[in-house]
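Visitor: I am new to protein structures, and I would like a close look at just one part of this one. Could you walk me through it slowly?

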Amino acid sequence: ENEGESGKEEVEIELGVKTWKRVVVISDTHRKHEQVVLPKSADILVHCGDFSKHGTMQQVIDFNDWLGTIEQIPIKIVISGNHELQLYRICNDLPKIKSLFSNAIYIQDEELSLYD
């Protein structure tokens with residue numbers, strides 16, 4: 001563990017035999033994701049929910065567009081939170097919801113293996 005530029009703790013996780021990956025984990029940005037100070041480089045960004053206020057389609061589109069601007073972190077993973085419940089009322093189809101996140105991997109009630 002070490003202190004990052006933003007003063008928050010950064011944790012490196014070992015994946016595989018001798019491969020270290022830098023993982024940035026954020027949540028509860030509530031439409032203020034553009035204000036988040038991200039490191040200059042990392043391997044994986046995980047947003048653990050509540051990226052929106054009400055889960056409207058426009059809020060999802062805006063968030064996905066922002067994810068597309070993060071070139072210094074090649075892998076982005078999104079998990080929805082309770083503020084995204086409206087998204088499920090609009091579109092109760094998991095493949096369709098996943099397709100809304102063209103700039104990230106969306107996971108829900110599943111595991112994800114990135115490095116085999």
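How many bridges join β3 to β4?

Guide: Happy to help, and please keep in mind that this is a predicted model. The count you asked for is 4 bridges, and the two strands, β3 and β4, run parallel. Let's make β4 our home base and look around from there.

Along this pairing, Val24 stands opposite Leu45 in β4. On to another partner of β4: strand β5, residues 75–78, is joined to β4 by 4 bridges, and this pair runs parallel too. Here His47 stands opposite Val78 in β5. To get from β4 to β5, the chain passes through α1, and this β-α-β crossover is right-handed.

Now look at the side chains of β4 itself, which covers residues 44–47. In a regular strand, side chains alternate between the two faces of the sheet. You can see this pattern in our strand: Ile44 and Val46 point one way, Leu45 and His47 point the other way, and all of them are buried.

Follow Leu45 first. Leu45 belongs to the largest nonpolar core, which has 21 residues, and together with Leu67, Val78 and Phe101 it touches the most other members. Two or more residues of this core come from each of β3 (19–26), α1 (57–68), α2 (85–90) and α3 (94–100). The largest share, 4 residues, is given by α1. Leaving aside neighbours within four places in sequence, the contacts of Leu45 include Val24, Ile26, Leu38, Leu67 and Ile70. Ile73, Ile75, Lys76 and Ile77 are also in contact with Leu45. Apart from the largest core lies another one, of 5 residues, and Ile44 and Val46 are among them, as are Ile77 and Ile107. As a general point, nonpolar side chains tend to be buried together in soluble globular proteins.

Next, step off the strand into the loop between β4 and α1, where you will find Asp50. Asp50 is buried yet has no salt bridge, and the nearest side chain of opposite charge, that of Lys53, is 11 Å away. Not counting residues up to four places away in sequence, Asp50 touches Asp28, Thr29, His30, Gly81, Asn82, His83 and Glu84.

One of those contacts, His30, takes us to the loop between β3 and β4. His30 is not a glycine, although its phi is positive, about 45°. With a relative accessible area of 22%, His30 is partly exposed. Arg31 is found in the loop between β3 and β4 as well. Its phi is near 70°, again a positive value in a residue other than glycine. Arg31 counts as partly exposed, at 45% relative accessibility.

Arg31 also has a charged partner: it forms a salt bridge with Asp62, and the closest N and O atoms are 3.9 Å apart. Asp62 lies in helix α1 while Arg31 sits in the loop between β3 and β4, so the pair ties together parts that are 31 residues apart in sequence. Asp62 is partly exposed, at 27% relative accessibility. The structure holds 2 salt bridges, and in the one between Glu110 and Lys98 the N to O distance is 2.8 Å. Because Glu110 lies in the segment after β6 (105–106) and Lys98 in helix α3, that pair ties together parts that are 12 residues apart in sequence.

Note on methods: Residues numbered from 1 in each chain as written. Predicted model: local features only at pLDDT ≥ 70, side-chain atom pairs only at ≥ 80, totals over all residues. Heavy atoms only, no water. Core = buried A, V, L, I, M, F, W, Y, C linked by side-chain atoms within 4.5 Å. Buried < 20%, exposed > 50% of the residue type's maximum accessible area, 1.4 Å probe, protein only. Contact = heavy atoms within 4.5 Å. Pairing = 2+ DSSP bridges. Right-handed = clockwise from strand over helix to strand, strands pointing away. Salt bridge = Lys/Arg side-chain N within 4 Å of Asp/Glu carboxyl O. Lys, Arg positive; Asp, Glu negative; His and termini not counted.
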